[in-house]
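User: Here is a model I would like to look at with you. Could you take one spot in it and walk me outward from there?

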Amino acid sequence: MSDMNREWTSWVAALICGTGVTVILLNWLGHQKVQKKIQRARARRDAGLSQAQQTVQEFKEKNPGLDLSPIVDLPLAELTKQIRAGSLQPDAVLHAYMDKALEVNRKLNCSTDVLMESVKQLSDIESHRDGLLYGVPISVKDNIACKGHDSTCGVLCKLDDPAVMDSVVVTVLKRQGAIPFIKTNVPQGLLNYECGNPIYGMTVNPCNLKKTCGGSSGGEGALIGGGGSILGLGTDIGGSVRIPASFCGICGFKPTSNRISLRGANSCVKGIKSVMSSIGPMARDVESLALCMRALLCEDMFTLDPTVPPLPFNQQLYENTDRLRIGYYENDGYLQPSPSMARALQETKKLLEQAGHTLVPFKPPEMYTTMHEYIVKGAVADGAATLLSQLKGSPVDPSVQSQIMPYSLPRFVKKILCIILKPIYPRVAAVLDAIHGVNSVAELWKQHHAVENYIHRVIAEWKELELDVLLCPMLGPAYNLNYCGKLTSALSYTILYNLLNFPVGAVPVTTVTAEDEAKLSHYRGNFGDIWDKLFVKAVRGGVGLPVAVQCVSLPWQDELCLRFMRETSGAHFL
């Protein structure tokens, strides 16, 4: 009997050891497979960059007397004027921007793919001479489809899956004479406002390499802010156009959702209805944003995507000069603005008043409930299961680890943590409770109904005050690296307008001063909790960095919003 026991014990021990070795081997093989996939993607990108460098060099050798550097300094309005007049040729403009983009990418790591077919597009460019963007090179965020290229969203499972056709926006802009020439980097999974992923690495800020460029349209913000693109397309579901614009010192516009077609815009979490996504332009100035919107809002887009309301750009509304009745708020009650955010708002308010506009106090209602019950619970209604499924089998980038970790916790652990944290950090506990998501379809419908009621409540309060537009703070300045994933709480100023589906834009108006920096020592926040303390650490060391404000209008009044952005920018730079 003892011999049989020993044999049985030996057999079990061998089985356990064998199983352990097999698991280790399978994990190692899986890791190797992942690393090879990443290496192939990086090799493709590097080959494209090398090919672009060679193409630029060959162009310079064929045109030895041509100085490309002044081209990239021209504003978009002047660039289009010179191209149309024939004093600049589209091939020179494209190669000038390709050269500059390569230089910026070496410094900031903002590109995921160079679209070398852009050079071939030159052969057909004269057929689009009447287009509003004739001969203008443009950059495109990674997740917006360009035929033959991946739209990775920063996740491995979307690699090696090139788009079979251009997105609607890329198709329309090509017909308007634009030349898409580069795709830009994004955070892993897109639902983060830093700009790092395991495939292409971290993109940094053109104003300070130790700071983040923002996200998720961070590669666009960095490339345009660094001078490597004059006009780009991003997407925005929580501030993803506006935050990189703010952090990098450029302008960004989030239109009313579905004013611009989303067909061909990839995502890791499709189907979210509480917090709406939009495709929007990013550029150095507001006039460039308006030109891009004018180019997009045309018959081609309405035909390619009949779900988009056929509303052409209202130039008369954009050019209107009537005095405005402007609502404003300095603190939403959820995130106390940084000293530079507060000063930017106060100075802008004063300048607008001096310009003859009327400023009226306004505050969005119930931000505490709105952030937790409507925004967070709506964005992760499935308990973040869909997002986590997209990250399965992939390394998690350090910039998103702090954000992803709570999503991964078992439900009962989240509940226990909520109970423990509620007396100490009630806001943290409320977010942990919200990321459970909803329990049923009936509860989801109830949540959607609550959001609808909230939207109508805000509009009613807006109408009662007879407001035309709204001025509010914009998150800033740019954070130190690896803080965004720890501070999703700081999105209240931006993500509110995705919930409301109001058009909104970010306009840079000032830079951080030494006095702003010194005032951080007295910052306590609205709650004095761990997130308020982290926010101070995130924005420290920001002297000289750009600071923006947000300009908002009611849904479908995108041209009025752009007009207000132009007015705000002009008030500061007269």
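What is the relative accessibility of Asp-160, and what does that residue count as?

Analyst: Happy to. Please keep in mind that this is a predicted model. Asp-160 has a relative accessibility of 37%; buried would mean under 20% and exposed over 50%, so Asp-160 counts as partly exposed. Its place is the loop that runs between strand S2 (137-141) and helix H5 (168-175). The backbone deserves a glance too: phi of Asp-160 is near 60°, a positive value in a residue other than glycine.

Another residue makes a good companion here. Trp-556 also has a positive phi without being glycine, with a value near 75°. Trp-556 sits in the loop between strand S15 (546-552) and helix H21 (558-572), and with a relative accessible area of 37% it is partly exposed.

While we are on backbone details, two peptide bonds are worth finding on your screen. Gly-215 and Ser-216 are joined by a cis peptide bond with omega of about 5°, and Ser-216 belongs to the loop between strand S7 (208-212) and helix H6 (218-225). The bond from Gly-476 to Pro-477 is cis as well, its omega being near -5°. Pro-477 is in the loop between S13 and helix H18 (492-500).

Strand S2, which comes before the loop of Asp-160, leads us to the sheet. Eleven strands form an open sheet with mixed pairing, in the order S1-S3-S2-S8-S10-S9-S14-S15-S13-S11-S12. Its edges are strand S1 (111-114) and strand S12 (358-361), each of which pairs on one side only. On average, neighbouring strands of the sheet are turned by 30° against each other, direction ignored. To see one pairing in detail, follow strand S11 (residues 325-328) and strand S13 (residues 469-473), which run in the parallel sense and are linked over 3 bridges. There, Ile-326 stands opposite Val-469 in S13. Helix H8 (residues 286-296) packs on the sheet and touches strand S8 (231-236), strand S9 (251-254), strand S10 (278-283) and strand S14 (504-511). The direction of H8 makes about 140° with that of S10.

Now move to the S12 edge of the sheet. His-357 is located in the loop between helix H11 (339-354) and S12. In contrast to Asp-160, which is partly exposed, His-357 has a relative accessible area of 5% and is buried. The side chain of His-357 makes a polar contact with that of Glu-567, at 3.0 Å. Leaving aside residues up to four places away in sequence, His-357 touches Asp-322, Arg-323, Leu-324, Ile-326, Leu-352, Arg-563 and Glu-567. You will recognise Ile-326 from the pairing with S13.

At the S1 edge there is a second buried residue to visit. Arg-45 lies in helix H1 (residues 2-62) and is buried, with a relative accessible area of 10%. Among the residues Arg-45 touches, with those up to four places away in sequence not counted, are Ser-111, Thr-112 and Asp-113; strand S1 covers 111-114. Asn-109 and Tyr-200 are contacts of Arg-45 too.

Burial can also be followed along a whole helix. In helix H16 (residues 426-434), 7 of the 9 residues are buried, so the helix is largely enclosed by the rest of the structure. The buried residues are Arg-427, Val-428, Ala-429, Ala-430, Val-431, Leu-432 and Ala-434. They pack against helix H12 (367-379), helix H14 (398-408), helix H15 (411-421) and helix H20 (530-539).

Finally, let us zoom out to the chain. The protein chain has 21 helices and 15 strands. Its radius of gyration is 25 Å, close to the 25 Å that the globule rule gives for 574 residues, so the chain is as compact as a globular protein of that length. Along the principal axes, the C-alpha atoms fill a box of roughly 100 × 60 × 50 Å. Buried residues account for 57% of the 574 residues. Of the contacts between residues at least 6 apart in sequence, 81% join residues at least 24 apart. The accessible surface comes to about 23400 Å², and carbon and sulfur atoms hold 57% of that surface.

Methods
Residues numbered from 1 in each chain as written. Predicted model: local features only at pLDDT ≥ 70, side-chain atom pairs only at ≥ 80, totals over all residues. Heavy atoms only, no water. Pairing = 2+ DSSP bridges. Helix = DSSP H or I, 4+ residues; strand = E, 2+ residues; numbered from the N terminus. Axes fitted to C-alpha atoms, helices over the stretch in contact; angles between N-to-C directions. Contact = heavy atoms within 4.5 Å. Rg over C-alpha atoms; globule rule 2.2 N^0.38 Å. Buried < 20%, exposed > 50% of the residue type's maximum accessible area, 1.4 Å probe, protein only. Areas by Shrake-Rupley, 256 points an atom, 1.4 Å probe, with all protein chains shown as cover. Polar contact = N/O pair within 3.5 Å; in protein donor to acceptor, adjacent residues only side chain to side chain.
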